[in-house]
Amino acid sequence: MPEPVRAAHFVRSFERGLAVIRAFDAEHRVRTLSEVARTCDLTRAAARRLLLTLVDLGYVHQDGRTFRLTPRVLELGYSYLSSFSLPQIAEPHLEQLVERTGESSSLCVLDGDDVVYVARVPARRIMTAAITVGTRFPAHVTSVGRVILAHLPDEELELRLARVELRPLTARTIVSAKALRAELDRVRRQGYALVDQELEEGLRSIAAPVRDRGGEVVAAVNIPVHVSRNSLASVRRDLLPHLLEAVAGIETDLGPATGRGRAASPGTGTRR
């Protein structure tokens, strides 16, 4: 894929520094210099300078030949969360939703081509999925992502679909742009998204949009379930009403919507 054209103000070294931070994740908590260089497509010399700068700033810890992030990186995300009231408003509603359904629930927002979890209440089970605040997934294969994408203006949606790589994560993943557009149209009309084992085998997820005071879709709430516990019919019958009730509560606490984008119930949404 060709490298995007950057504006004159763009600071490439800053972009590379952020890429180094993102090179560490749940599966790669500790990395060597060579691994960081390879992951970020950097020379070893450039990766070394960036890593040592992050060590000096306290964001990365060096232990011999390996590096890992320090808790200080949480400051970067906290600046966003502390200025964003939606997660705090949503959390009690997510807790009530989990209490009623016995299933986990999360609030997600769109960030680039991904959705990011900004609030989460897990179900009380011995084993739960390793998803936390800050987890990211490709938007087009998730229920929360599809709900948000479905309410984007047509022009913006087309730009996103033109650049996203529709890779098959499972045998059920939609990999056709035409089929994905048709699915997003259906999501917009019905007012919720139900994704069946497209992100991960055995996982179903249903999501509904959250609108701000102006009626714009700014986030989505989901309920993920295992196929062994819930059929598609039972997800719609037993979980969707509780999901919509929780979303309505969040929107009420956000304040009255005045824009034409707000839908009172599934099936009444319009794309701008």
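**Entry 1: α1 against α3**

I started with helix α1 (residues 12–22) and how it sits on α3 in this predicted model. The two helices pack at an angle of about 75°, and their axes are 10 Å apart. That makes α1 roughly perpendicular to α3, because 65 to 115 degrees counts as such. Next I looked up who touches whom. From α1 I noted Ser13, Arg16, Gly17, Val20 and Ile21, which meet Leu50, Leu51 and Leu54 of α3.

**Entry 2: the three-stranded sheet**

Helix α3 (residues 44–57) also lies across β2 and β3, so I went there next and found that α3 runs at about 110° to β2. These strands belong to an open, antiparallel sheet of three, ordered β1-β3-β2. I wanted to know which strands stand at the edges. They are β1 (30–32) and β2 (60–63); each has a single partner strand, so one side of each is left without a neighbour in the sheet. Neighbouring strands here are turned by 30° against each other on average, ignoring direction.

I then checked how β2 is joined to β3 (residues 66–69): there are four bridges, and the two strands run antiparallel. One pair I wrote down is Asp63 with its bridge partner Thr66 in β3. Helix α2 (residues 33–40) packs on this sheet too, where α2 touches β1 and β3. The direction of α2 makes about 90° with that of β1.

**Entry 3: Leu74**

I found Leu74 in helix α4, which covers residues 74–82. Buried or exposed, I asked of Leu74? Its relative accessibility is 61%, and Leu74 counts as exposed because the cut-off is over 50%. I also took one distance: Leu74 and Tyr59 are 15 residues apart in sequence, and their C-alpha atoms lie 9.1 Å apart in space.

**Entry 4: helix α5**

Helix α5 spans residues 86–101, 16 residues in total. From first C-alpha to last, α5 reaches 22 Å, close to the 22 Å expected at 1.5 Å a residue. I looked for a bend and found one of about 30° at Pro92. For the buried residues of α5 I listed Leu86, Pro87, Ile89, Ala90, His93, Leu94, Leu97, Val98 and Thr101. Just after the helix comes Gly102, with a positive phi of about 75°.

Thr101 led me to Ala123, since I had a distance for that pair: they are 22 residues apart along the chain, with 9.0 Å between their C-alpha atoms. Ala123 sits in the loop between β5 and β6. At a relative accessible area of 7%, Ala123 is buried, because the limit is under 20%.

**Entry 5: the six-stranded sheet**

Last, I traced the other open sheet, which has six strands in the order β6-β5-β4-β9-β8-β7 with antiparallel pairing. Its edge strands are β6 (136–138) and β7 (193–196), each of which pairs on one side only. From one strand to the next, the twist averages 30°.

I looked more closely at β4 (residues 105–111) and β9 (residues 217–226), which run antiparallel and are joined by three bridges. Across from Ser106, I found Asn222 in β9. I then asked which helix lies across β4, β5, β7, β8 and β9. That is α6 (residues 143–150), which runs at about 150° to β9.

Technical notes:
Residues numbered from 1 in each chain as written. Predicted model: local features only at pLDDT ≥ 70, side-chain atom pairs only at ≥ 80, totals over all residues. Heavy atoms only, no water. Pairing = 2+ DSSP bridges. Axes fitted to C-alpha atoms, helices over the stretch in contact; angles between N-to-C directions. Contact = heavy atoms within 4.5 Å. Expected span 1.5 Å × (residues − 1). Bend = angle between axes of the 7 residues up to and from the residue. Buried < 20%, exposed > 50% of the residue type's maximum accessible area, 1.4 Å probe, protein only. Parallel < 35°, antiparallel > 145°, perpendicular 65-115°, else oblique.
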